[in-house]
Every structure is written in structure tokens, then in C-alpha cells.
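Trainee: Could we go through this fold together, beginning with how its helices and strands are arranged?

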Amino acid sequence: MIYFDNAATTGKKPLGVIKAVNSSFYELSANPGRGGHKASLRASEAVYGVRRKVAELFGAKGEENVIFTSSCTASINYVLKGILKPKDGLVISSLEHNSVTRPAETLKKLGVNVTVAEVIFGDKEATVRSFERAIAPNTKAVLCTHASNVTGEIMPIEQIGELCNKKGIIFIVDAAQTAGVLPIDVGKMNIDFLCIAPHKGLYAPMGTGILIAGKNIDTPLIEGGTGVNSALSVQPDDYPERLESGTLNLPGIVGIGAGIDFINKKGIANIYKTELELAKYIYNGLKRIKGCILYTPMPEYGSFVPVISFNLRGISASDTADLLDKANIAVRGGLHCAPFAHKRLGTIESGTVRISPAIFNTKNEADLLISAINSIANNVRYRHKK
């Protein structure tokens with residue numbers, strides 16, 4: 001299988017990640033923080049070591065600010081439902097994923113005022129002004145995706161973070177498509193909460209999430225056993241225990257650590273450059289196919305992550321994806337859980353076909369992908385002529 005759906009999850013994991021996860025079942029099969037025996041202590045030390053790696057990679061204040069969750073979506077829900085109350089204001093972008101728009105809709109029903117800031121494609125300054133106009137006196141938080149999972153466009157989070165910092169507003173970033181691909185420093189970028197999908201750019205197992213929390217969350221979404229202060233009937237105040245009730249996904253967390261080792265060895269800048277060059281190569285190939293509709297400009301360095309959305313005239317996105325699957329090529333067709341972005345593109349009815357390369361993809365695979373798409377386009381034109 002040629003796998004080009006890495007924006008959903010990286011299809012190939014580094015050998016180091018696989019080995020780390022496998023060895024955890026033999027060497028770390030104990031509950032971290034739930035006992036004073038040697039096995040539990042070794043597990044706790046392993047978790048702490050990964051917290052340290054995450055904190056160093058993303059510039060967190062300390063290891064205790066790194067919270068392990070079940071997904072990036074869970075991290076977003078922890079923040080939104082933990083800090084916002086009726087009559088508070090929330091500003092989100094017009095490119096947000098359902099992991100943001102659905103909890104925002106629930107909060108709206110509970111009395112939170114939700115405002116959408118329009119993203120101006122290709123104009124970062126205009127986008128920042130759009131966010132500034134959307135901010136009201138009651139705005140408590142701004143949440144913005146770092147890069148769209150449909151268009152690949154990188155948002156000006158540094159400027160939005162600076163704006164929020166000046167106005168005393170909490171800034172939340174969804175880094176599902178960028179963590180491990182673009183450099184992120186929560187302190188320098190004025191990010192109060194960073195939500196991460198480690199199974200994507202960090203090449204970790206699925207079922208893992210990270211929340212880097214720079215401020216207090218008033219209301220934990222989940223409460224329960226934490227392994228500390230067990231006599232208390234209320235949730236502990238201190239991080240990470242305040243947000244980490246229940247048994248941690250130790251194999252997944254160990255996989256996160258090994259994934260970080262992999263990207264540190266490769267270098268984030270090198271990973272981004274390699275992936276983007278392959279995306280540009282594919283983009284140029286698609287441009288030459290008659291009937292191919294591309295929904296973004298050429299994915300240029302610094303403006304886009306390696307995500308390409310397209311359609312073929314005369315055939316649905318889902319049918320194109322199905323035909324590519326029959327050719328043993330994995331892409332994603334549809335709305336990609338991001339109807340906001342498709343409304344902006346005018347593709348809410350049809351969706352798009354999404355191609356998202358990663359570091360393990362090759363130019364030969366890209367050639368096979370382009371050839372397969374060209375064959376589908378030729379067959380569609382032939383049927384229409386008949």
C-alpha cells in the first residue's frame with residue numbers, strides 16, 4: 001500500500017517507536033504512580049522522561065505542564081470545557097476542525113458567545129485583523145488551528161498570540177497538523193494551551209494526545225484516581241495530576257518519546273523541507289492533469305504544510321479516493337471532519353480528495369500516485385465522450 005493519508009495519522013512509524021512500544025509490555029508493565037514497588041517506579045520514571053522530552057521540544061514551562069490525554073480532540077475539550085463559562089466569549093477561525101466546532105456549539109447552547117474570525121487566504125495580516133475585529137469585551141479565549149487539515153495553510157499564530165497577550169486573552173492552538181513538522185515554542189508564541197496529536201507529526205501510536213497547559217483549568221473534564229492525595233475527595237490542584245485521572249496509556253506515551261527522538265535526529269526543519277518538496281512535486285504533477293481542480297496555490301515554504309486538496313471534474317471525491325484505493329494508494333476523500341474549511345472553499349457539497357505526504361514517502365510513490373490520478377481523469381473524460 002502506498003500511503004498518502006498522513007494528515008489523518010502517519011501510516012509508517014519509525015522502527016524506534018515500534019521497538020519502544022513493544023518493549024514497554026515486557027519492561028514497563030506496571031501502573032505508573034500507583035505503587036511504591038520497583039516496577040511502578042520504573043514506569044513512573046519512563047513517563048517523566050517523556051514529559052521532559054515534550055517540554056523541551058515545545059518550550060513548556062516545566063514537565064508538570066505536559067498533560068497526556070487520549071487525543072488532540074480530548075485536549076481541546078479539556079481546555080474549552082474547563083475554562084469557559086456562560087457569558088464568556090470564544091473566538092475561533094473559519095478553518096477549524098470538528099474537534100473545535102462541535103464543543104464550541106455545545107458551549108454556545110450553555111451560554112458561551114462564539115464568534116468566527118474569517119481567515120483571509122494568502123493574507124496573514126488581514127487574517128490577524130479579522131481576529132482583532134472578532135474580539136469583544138467578554139472574549140476570554142481565542143482558539144486557532146496552526147494549519148488547516150484541508151488546505152494546508154499555516155495560520156499566523158505568532159501574531160495572533162501577541163494580540164491575545166496584549167489584550168489579556170487566553171490563546172489556544174490546535175497543532176494537530178504541525179507538531180513535529182513546524183517549530184513551536186509556547187513561550188515565544190504566547191500560547192497558553194497547545195493541543196497536539198502525537199500519532200501524526202510525532203510518529204507515535206494512535207490513541208495518544210498531549211496538552212501543554214500554561215494556565216490553570218478551573219473545571220477538570222474528568223476526575224478520579226491520580227495516584228496522589230488519595231485521601232482527598234476532590235481533584236488535586238497541581239498539574240499534571242489535575243487533568244490526568246485514570247491509568248495512563250504507558251505504551252503510547254513511551255511511543256511518543258521514541259517519536260520525539262526520531263524527529264530530533266532527523267531535524268524538524270529537514271522533515272518539513274523534505275515533505276514540502278514532495279508535496280510541491282505532486283502539486284506540479286496534478287497541475288498537468290486535464291480536469292484536475294486544485295483548491296490551494298502551490299504549497300510554498302513557510303505558508304503551507306504538506307497537504308493538497310483537489311477534485312477531478314466529473315467524478316466525486318469519494319469515488320476518486322475509492323479508485324485510488326483499488327490501485328493500492330491511500331488518500332482521503334470527503335470533508336475531512338472540517339466543514340468550516342469546505343464552506344470557505346465552496347466544496348461543502350462535494351468535499352475534496354486530500355493528499356498528505358510524510359517523511360517516509362518517496363518520489364517514486366509520488367509518480368505512481370500522479371499516474372493513477374491521471375488514469376482516472378482520462379477514464380472519466382472517455383466515459384463522458386461516449
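Mentor: The model is a predicted one, and for the angles we will discuss, axes are lines fitted to C-alpha atoms, for helices over the stretch in contact, with angles running from 0 to 180 degrees between N-to-C directions.

Trainee: At about what angle does helix α6 run to β6?

Mentor: Helix α6, residues 157-167, lies across both β5 and β6. Since the angle is taken between N-to-C directions on a scale from 0 to 180 degrees, the value for α6 against β6 is about 160°.

Trainee: Which residue of β6 stands opposite V142?

Mentor: Strand β5 (residues 139-145) and strand β6 (residues 170-174) run parallel and are joined by five bridges. Opposite V142, in β6, stands F171.

Trainee: Which strands are at the edges of the sheet?

Mentor: The open sheet has seven strands with mixed pairing, in the order β2-β8-β7-β6-β5-β3-β4. An edge strand pairs on one side only, and this applies to β2 (66-69) and β4 (113-117).

Trainee: Which residues touch the most other members of the largest nonpolar core?

Mentor: The largest nonpolar core has 62 residues, and its largest share, eight residues, comes from helix α7 (residues 250-266). Beyond its neighbours within four places in sequence, L194 is in contact with residues including V173, I184 and I212, and also with F58. The members that touch the most others are F58 and L194.

Trainee: How many residues does the second, separate core have?

Mentor: Among the members of that second core are C292, L324, I329 and I370. The core is separate from the one just described, and its residue count is 29.

Conventions: Residues are numbered from 1 along each chain as its sequence is written. This is a predicted model: local features need pLDDT of at least 70, side-chain atom pairs count only at pLDDT 80 or more; totals for chains, interfaces and linings use all residues. Side-chain values use heavy atoms; hydrogens and water are left out. A nonpolar core is a set of buried Ala, Val, Leu, Ile, Met, Phe, Trp, Tyr and Cys residues joined through side-chain atoms within 4.5 Å. Buried means under 20% relative accessible area, exposed over 50%, partly exposed in between (1.4 Å probe, protein chains only). Helices (H or I, at least four residues) and strands (E, at least two) are DSSP runs, numbered from the N terminus. Contact means heavy atoms within 4.5 Å. Two strands pair if DSSP finds at least two bridges between them.
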